[in-house]
Amino acid sequence: MEEIIIEEKDRLPGGWIFEVVVGEDGDSSTHEVELTARDYENITAAQVKPEILIKKSFEFLLERQDKERILPQFSLMEISLYFPEYAEEIQDLLSL
């Protein structure tokens, strides 16, 4: 599994923006991910930290595609547009 580094880039009134680096030094990709407070609550019921949700979501994505195919900037719930099973499976990954 690729290394996943998550850093909170900005705290917004309605959520967060995270910078996610996937891979290692010379072979990495960088992504900016928005997570709304509403989506966070709907998915996790605030049972896990937002960073854990982001990490598990990237693990979900990396099981299905190479890091280079992950969009450079997106809202977390956009994953469901490409992978309809995301909402259900992410809760299993989070053990909720």
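Visitor: Let's start with the helices: at what angle do helix 2 and helix 4 pack?
Guide: Some vocabulary first: helices are DSSP runs of H or I with at least four residues, strands are DSSP runs of E with at least two, and both are numbered from the N terminus. Axes are lines fitted to C-alpha atoms (for helices, over the stretch in contact), and angles run from 0 to 180 degrees between N-to-C directions. The axes of helix 2 and helix 4 are 10 Å apart, and they pack at about 115°.

Visitor: And what pLDDT do local features need here?
Guide: Residue numbers start from 1 along each chain as its sequence is written, and side-chain values use heavy atoms, with hydrogens and water left out. You're looking at a predicted model, where totals for chains, interfaces and linings use all residues, side-chain atom pairs count only at pLDDT 80 or more, and local features need pLDDT of at least 70.

Visitor: Back to the helix pair, then: which residues of helix 4 make the contact?
Guide: Contact means heavy atoms within 4.5 Å. Helix 2 brings L53, K56, S57 and F60, and they meet helix 4 at Y86, E89, I90 and L93.

Visitor: How about the sheet: in what order do its strands come?
Guide: Two strands pair if DSSP finds at least two bridges between them. The sheet is open, its pairing is mixed, and its 4 strands come in the order 1-2-3-4.

Visitor: Why is one side of strand 1 and of strand 4 left without a neighbour in the sheet?
Guide: Strand 1 covers 4–12 and strand 4 covers 73–75, and both stand at the edges. One side of each is left free because each has a single partner strand.

Visitor: What about strand 1 and strand 2: over how many bridges do they pair?
Guide: A hairpin joins the two through 2 residues. Next to that turn, L12 stands opposite G15, and R11 has W16 as its bridge partner. The pairing is antiparallel and runs over 8 bridges.

Visitor: Does strand 3 run parallel or antiparallel to strand 4?
Guide: On its other side, strand 3 runs antiparallel to strand 2, joined by 10 bridges, with V22 partnered by S29 and G23 opposite S28. With strand 4 there are 3 bridges, and E34 has S75 as its bridge partner. The sense of the strand 3 and strand 4 pairing is parallel.

Visitor: Which helix lies across strand 2 and strand 3?
Guide: Of the 10 residues of strand 2, 7 are buried (under 20% relative accessible area; exposed means over 50%, partly exposed in between, with a 1.4 Å probe and protein chains only). That means strand 2 is largely enclosed by the rest of the structure. The element lying across strand 2 and strand 3, at about 95° to strand 3, spans residues 37–44: helix 1.

Visitor: Which two residues touch the most other members of the largest nonpolar core?
Guide: A nonpolar core is a set of buried Ala, Val, Leu, Ile, Met, Phe, Trp, Tyr and Cys residues joined through side-chain atoms within 4.5 Å. Here the largest has 24 residues, and the two that touch the most other members are L53 and F58.

Visitor: Which element gives the largest share of this core?
Guide: Strand 2, strand 3, helix 1, helix 2 and helix 4 each supply at least two residues. The largest share, 6 residues, comes from helix 2.

Visitor: What does K67 reach with its side chain in a polar contact of 3.3 Å?
Guide: K67 sits in the loop between helix 2 and strand 4, and it counts as buried because its relative accessible area is 4%. A polar contact is a pair of N or O atoms within 3.5 Å; within protein, one must be able to donate a hydrogen and the other to accept it, and residues adjacent in sequence count only if both atoms are side-chain atoms. Setting aside residues up to four places away in sequence, K67 touches E2, V22, G23, D27, S28, S29, H31 and L62. The side chain at the other end of that polar contact belongs to D27.

Visitor: Last one: what is the phi of A46?
Guide: Most residues other than glycine have a negative phi. A45, in the loop between helix 1 and helix 2, has a positive phi of about 55°. A46 lies in the loop between helix 1 and helix 2 too, is partly exposed with a relative accessible area of 42%, and has a positive phi near 60°.
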